[in-house]
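Student: I would like a close look at one part of this model. Please take a single helix and work outward from there.

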Amino acid sequence: MKARTMGRHFRESLKSLGRNSWMTFASVSAVTVTLLLVGVFIVIMMNLNQLADNLENDVEIKVIAEPAADAETVKQLEKEIKATPGVASVLYASRDEELDKMIKSFGDELNLYKQSNPLGDAFYVKAADPHKTAEIAIKIDKYANTYKVVYGEGKVEKLFNVLNMSRNIGMVLILALLFTAMFLISNTIRLTIVARGREIEIMKLVGATNSFVRIPFVLEGIWLGVLGSIIPMAVISISYYELYEQWEPRLQNELFQLMNATPFIFQVNGLLLFMGIFIGMWGSFMSVRKFLRA
Amino acid sequence: MIVMKDVYKKYPNGVVAANGINVEIGRGEFVYVVGPSGAGKSTFIKMMYREERPTKGDIIVNGINLATLRNKRVPYLRRQIGVVFQDFKLLPKLNVYENVAFALEVIEESPKQIRKKVNDVLALVGLTQKARMFPNELSGGEQQRVSIARSIVNVPKVVIADEPTGNLDPETSWEIMKIFEQINARGTTIVMATHNREIVNTIRHRVIVVDGGMITRDEYEGVYGYES
C-alpha cells in the first residue's frame, strides 16, 4: 500500500467521525462508561491485592532454640536455617531481647526472670514464597536444638485460602467486566457500521480490496477507543490522586497501604488506553469482517 | 469479452435462476437483456461482475474465469468493469466530484490523475457545473449520470447496467441512453438489463431474452418482447 493511501485512510477515518457524529457519540459513550467501570474496579482490586500481599508477607516462622543450647550450637542452627531451601531472610533475636519484648507486652512483673532467663534464642524466618511457610516450618522443626517452631498453624492456611479466593474472584470479575465491555462496545460499533453497509457495498463494487475497506474503519475504531478512554483516565487519575493525598498520611503504620499514586496511576491509565484502543479496533474489525465475506 | 458456458445457478433456497446459459458477447457490443421479473435477468447480470457465483459452468470476462476466481482477486476484476444500478448507489455524504473520485481513490490513482479524469468524465456526462453538489440536491437523472460517470471514470472495457432507467421518467431515460451510446461509441462493451420497451425498439441493438433461467431468444437488431 502506498503512503499516500495510508494518508487518505487516516484523513477518511477522522472525517468519518465527524460525518457520523451521532454514532461516534454513541460508541464513545459506551467505551467511556465501560472503561470507567473497569478502571474503578481495577483500582480497587489492585489495592486489595496489595493488602493481600502485605498480609502474606507478614507471615513468618518463629524458631525458638533449645534454651539450654550454647552460643556455638545456636550459630550452627542459624546456619542450618539459612541453608534451608526457600528461606528468604532470618532475623536473630537473643534470649534477652526476647525477654525485653515480653516485658514490654506483659508488664514489669516479668522483670523477675532477668536473673535467670528461661527463654531460648529466637530466629524470625521469612519464606521466599509465603505459601511455603508451613512446609519450611516443618523442615526446620526437624533440626536439632530447636525447642519450638511457630508459624500460626491453621490460621495461616485459612488466611491464604481466603486471600487466594478473593484474588480469583477479583480476576473473574475483571474478566467478566472486560468481556461485557468488549461485547457492549463492539455491538455499538457494529450498529454504526451496519448503518454504513451501503458504503462498504459501493466500495467493493468499484473494486476496493478488503484491506482498503477495512483500514479506515479500524482506524476509526482506534479513535473511538482513544476518545472513549479520555474521561475514564481523567476521572480515575484525579480521584485516586485526591484519595491518596487524603488517606496516605492516616494509613502510615497500617497493614493496609494505598498503592503509591505515581507509577500506579500511569499504569492504570496505560491499561485503560490500551483497552480502549484494542476494543475499538477489535470491534471495528469484527464488524467490518461480516461485510467483507462473499 | 464475455463468455458464458453451460452456466447453471441454484440458490440455497432451491430457486434455479440460471439453467444452462450459453452466450458470447464481443468487444464493443451493446446488448440489452430483457425478460419478465424473476426470470433470472438479475442473476445473469450479477454473475458477470461476480456478485453471484455460478453453481456450475464457466463465465469468462475479459479473459478471467469468474467461476474459479478467488475472492481476493475479485476487486481487480471489478476495476475492469463499470456497474450502474437502478438506484444509483451513490454515497450520500460525498458530493458529485467525490463520488466519482472515489472509484479512483480505491485503485490508488495519483491525485493529479484523479483531478484530470474526474473533470473529464463529469464533462462527458454534463455535470461539470454541479460537481460540488450532493446527491440529494440532484434530480434522478443527474444522480444516474453521476453513477455512470463513476462507472466509466477508470475506463473499463465493460459497463454493466441493471435497469439504469428504471427509476427515471421517459425524457431523462433518453438522456441517459445518449450517454450510454457515447460510451459504447468509444469501444466499451455495454450490457444493459431493461424493461423499457421503447428504448429497446428505438435504439436497436442485440437483444437477449432471459426467461426461466434460460436464453430464449438472442437477436441482433432485435426488438423488445418475450411473450412468444
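Tutor: The expected span of a helix is 1.5 Å times one less than its number of residues. That definition is needed for helix α1 of chain A, in what is a predicted model. Helix α1(A) covers residues 3-19, which makes 17 residues. From its first C-alpha to its last it reaches 24 Å, close to the expected 24 Å.

Next come the two sides of this helix. A residue counts as buried here if 20 or more other C-beta atoms lie within 10 Å of its own, and as exposed if there are 12 or fewer. By that criterion A:H9, A:S13 and A:S16 of α1(A) are buried. These residues lie on the same side of α1(A), because they cover an arc of only 70° around the axis. The other side of α1(A) carries exposed residues, namely A:A3, A:G7, A:R11 and A:G18. The cover over the buried residues of α1(A) includes helix α8 (210-247) of chain A.

The wider setting is the domain division. Chain A splits into domain 1, made of 3-55 + 158-292, and domain 2, made of 60-151. Taken over C-alpha atoms, the centres of these two domains of chain A are separated by 51 Å.

Chain A also has an open sheet of four strands, in the order β2-β3-β1-β4 and with antiparallel pairing. Its edge strands are β2 (87-93) and β4 (146-150) of chain A, each of which pairs on one side only. On average, neighbouring strands of the sheet are turned by 20° against each other, direction ignored. Helix α3 (residues 71-83) of chain A packs on this sheet and touches β1, β2, β3 (122-127) and β4 of chain A. The direction of α3(A) makes about 160° with that of β2(A). Within the sheet, strand β1 (residues 61-65) of chain A runs antiparallel to β4(A), and four bridges join them. A:K62 has A:V150 in β4(A) as its bridge partner.

Chain B offers a parallel pair to set beside this. Five bridges join β6 (residues 81-85) of chain B to β7 (residues 158-162) of chain B, and these strands run parallel. In this pair B:G82 stands opposite B:V159 of β7(B). Strand β6(B) is mostly covered, with five of its five residues buried. B:I81, B:V83 and B:F85 point one way from β6(B), while B:G82 and B:V84 point the other way, and all are buried.

Definitions and conventions:
Residues are numbered from 1 along each chain as its sequence is written. Chains are lettered from A and ligands numbered from 1 in the order in which they are written. This is a predicted model: local features need pLDDT of at least 70, side-chain atom pairs count only at pLDDT 80 or more; totals for chains, interfaces and linings use all residues. Two strands pair if DSSP finds at least two bridges between them. Helices (H or I, at least four residues) and strands (E, at least two) are DSSP runs, numbered from the N terminus. Axes are lines fitted to C-alpha atoms, for helices over the stretch in contact, and angles run from 0 to 180 degrees between N-to-C directions. Two residues are in contact if their C-beta atoms, placed from the backbone, lie within 7 Å. Domain bounds come from an automatic or database domain assignment. The arc is that of the directions from the helix axis to the C-beta atoms.
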